[in-house]
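Visitor: I have a structure to look over. Please take me through a few of its parts.

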Amino acid sequence: MQQLDFAVTVSALLGIPFPFGSIGRVNPELYALSAGTWDNQRTGINACTPQDDLVAWKMRYAEVLCVNSWQVKRYIDQYSGSSIIGFSAEYLHHVEELYSKAQANWSEVLKPTCPSETAKGEEFKESASSALQLQIDAYSSFLESFAKLARSAWTEFDLWLMGTGLLLMILSVITQAYILVRLNAVCQPSDQECPSSRIIPKLSFAFTLVTIRAASLLSNSYILAEGRVTNFLLATSCIAGVWSSATNGNFTIEEFIFLLLNIFARFGIELGMSKQIAGPTATKDHPVSIICDIFGSSFCNVSMDIFPIISLAMVTCIVLKLIAYAVHQRFLKYFIICGTILSYAFIANYWASESTLLSHTKAVQEIGRSLAPRFVYAIGGLSLVISVLWRLFAPVDSLKFNKRITSLSAAMLCSWSPTILMLLGRQGAFVALICITGAWCIIMLQQKYQKDSKLDITGSCVANPVSVTQWSLLAVCLFYLTGHWCTFDGLRYGAAFIGFDNFHIIRQGFLLSIDTFGVSHILPVLSLPFVAIHCYNTASKKSKVKDVTINILIQVHLMYGLITAITTTVTIVCVTIQRRHLMGVGFVCTKICI
């Protein structure tokens with residue numbers, strides 16, 4: 001039975017109107033199973049002769065198909081008149097002819113005719129049954145023809161283009177993998193073989209994590225569990241590192257902090273998922289509900305107002321230290337510092353205007369809710385423009401390449417972060433702390449890996465694939481931690497109207513894009529140079545390879561891009577397989593886009 005026919009069949013059995021948007025046909029087998037469809041007068045239309053059960057049921061079924069066809073024809077007329085694309089005029093004319101022919105036959109069937117005195121009753125019953133069967137076939141032909149037309153127009157898949165796109169993604173994966181192998185061969189000293197043997201286990205472990213996550217995309221309803229699965233894989237990589245360090249007797253505090261960070265991220269993902277559930281925000285067995293039951297609802301309400309401000313203050317201090325450490329150009333440094341302080345002050349003002357603990361006048365609240373976000377957007381945009389112009393037109397300084405990279409990356413991060421924090425709401429500061437702590441742990445663990453593997457002694461400049469994989473997994477966790485889902489109803493549409501009351505498609509679309517991709521794409525990608533630069537600091541002095549910084553930067557970005565390309569390729573394979581599945585349609589529209 002076609003899934004398309006289910007709604008109208010159930011509607012016919014229940015005796016309720018057919019759904020307007022349904023274009024299915026009442027299934028005869030399922031309709032015949034109901035005893036009520038056989039209840040009919042045992043006489044013909046003109047009450048001339050008695051009917052047997054089969055002829056009576058055919059009459060009843062033909063009446064149902066008549067109403068079914070009329071409803072579909074009504075939908076065709078309204079859709080063709082209102083849709084911009086519509087259907088092809090040729091096919092539409094053919095369908096209308098089938099409907100007109102079916103209606104004309106139905107009029108002939110309903111004409112009152114009685115058999116003559118010499119005619120036999122059995123012959124009349126056979127002719128009536130034959131006429132009803134022809135009528136059923138006519139209505140069925142109309143409904144099936146339009147269903148076929150609708151499938152060709154609405155679920156048309158160009159397998160050639162799909163295969164071409166999949167082939168391009170496979171070529172992209174192969175190309176990036178080949179370049180990475182060549183770079184690793186160039187970056188390793190020719191007189192050393194131990195770095196290669198030490199990098200293979202790390203590479204195998206990272207590839208296993210990426211493969212498991214990619215294979216998980218083939219499961220049904222994975223959209224609902226992707227955040228938990230990604231967090232599980234990130235925690236697995238952390239536990240594997242802890243186990244390796246404990247075995248070698250060199251356990252560090254960064255590994256414990258990173259493991260603790262995964263626990264907080266898991267609670268945050270559960271809270272983020274509860275925001276998309278209709279009804280209460282948390283069930284009785286939810287972690288947030290348990291905490292509120294222990295400490296009281298008043299404690300939770302006060303904490304929800306105070307904790308974001310404390311987290312924002314901590315983020316501000318960390319960002320200012322980052323600017324002082326990474327940005328070396330004096331004008332750019334002081335400009336970014338002033339813009340950062342003002343932006344975070346406006347964010348605090350916006351949160352305070354919405355707080356229930358403080359009493360504000362209506363004018364102060366309006367200023368805080370409307371003007372403060374706009375100032376944050378303006379300062380962030382101006383900082384971004386100044387950073388780019390300074391990089392393009394400022395005189396060439398005597399700084400090394402790695403310092404210029406860190407200066408530009410820090411300036412870009414500080415330009416984007418206030419706007420992203422503003423759009424994320426009160427959870428933004430907490431998410432930023434998790435992001436900063438995770439980045440610090442990954443960088444420190446990478447330095448520990450280089451020292452343990454003696455890569456700083458041999459002068460190898462090969463980036464750690466596990467660190468890049470962990471950073472990619474953490475970025476996915478941050479996406480779900482902020483309450484996003486890979487569904488259209490998982491988009492936080494309210495974030496697009498922070499600071500604005502009126503709708504403008506370009507402005508609100510841009511803000512919604514920043515909110516959706518801020519912590520999962522923009523900030524992680526801009527932070528990748530710091531992972532590469534810290535690898536450079538320990539390998540550049542003893543490496544015999546020229547342009548060490550460029551090589552490591554390319555490695556890190558290629559690894560991150562390769563992880564994304566593998567995931568996207570497997571997603572395309574999944575969509576190709578499930579292209580006609582009900583959940584597959586949503587998978588096409590959300591997963592590839594997001």
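Visitor: Which helices do the buried residues of H1 pack against?

Guide: This is a predicted model. In H1, residues 6–14, the buried positions are Val8, Thr9, Ser11 and Ala12. These residues pack against helix H2 (28–33) and helix H3 (53–82).

Visitor: Within what arc do the buried residues of H1 fall, seen down its axis?

Guide: An α-helix has 3.6 residues a turn, so residues three or four places apart point the same way. Val8, Thr9, Ser11 and Ala12 are the buried residues in H1. They line one face of the helix, because seen down the axis of H1 they fall within an arc of 160°.

Visitor: Which residue just after H1 takes a positive phi?

Guide: H1 covers residues 6–14. Just after H1, a positive phi of about 75° is taken by Gly15.

Visitor: Which helices each supply at least two residues of the lining of the second largest cavity?

Guide: The count is four cavities of 30 Å³ or more, and the second largest has a volume of about 50 Å³. Its lining consists of Leu209, Val210, Arg213, Thr469, Ser472, Leu473, Ile563 and Thr567. At least two of these residues come from each of helix H7 (194–216), helix H17 (465–481) and helix H19 (548–577).

Visitor: How do the residues of that lining divide into nonpolar, polar and charged?

Guide: Arg213 and Thr469 are among the lining residues of the second largest cavity. Arg counts as charged, and Thr as polar. The lining divides into four nonpolar, three polar and one charged.

Methods. Residues numbered from 1 in each chain as written. Predicted model: local features only at pLDDT ≥ 70, side-chain atom pairs only at ≥ 80, totals over all residues. Heavy atoms only, no water. 1 Å grid on protein atoms, 1.4 Å probe; cavity = no way out; pocket = protein on both sides within 12 Å on 5 of 7 lines; lining within 4 Å. Points joined across faces, edges and corners; volume = space filled by probe spheres on them. Helix = DSSP H or I, 4+ residues; strand = E, 2+ residues; numbered from the N terminus. Buried < 20%, exposed > 50% of the residue type's maximum accessible area, 1.4 Å probe, protein only. Arc of directions from axis to C-beta. Contact = heavy atoms within 4.5 Å.
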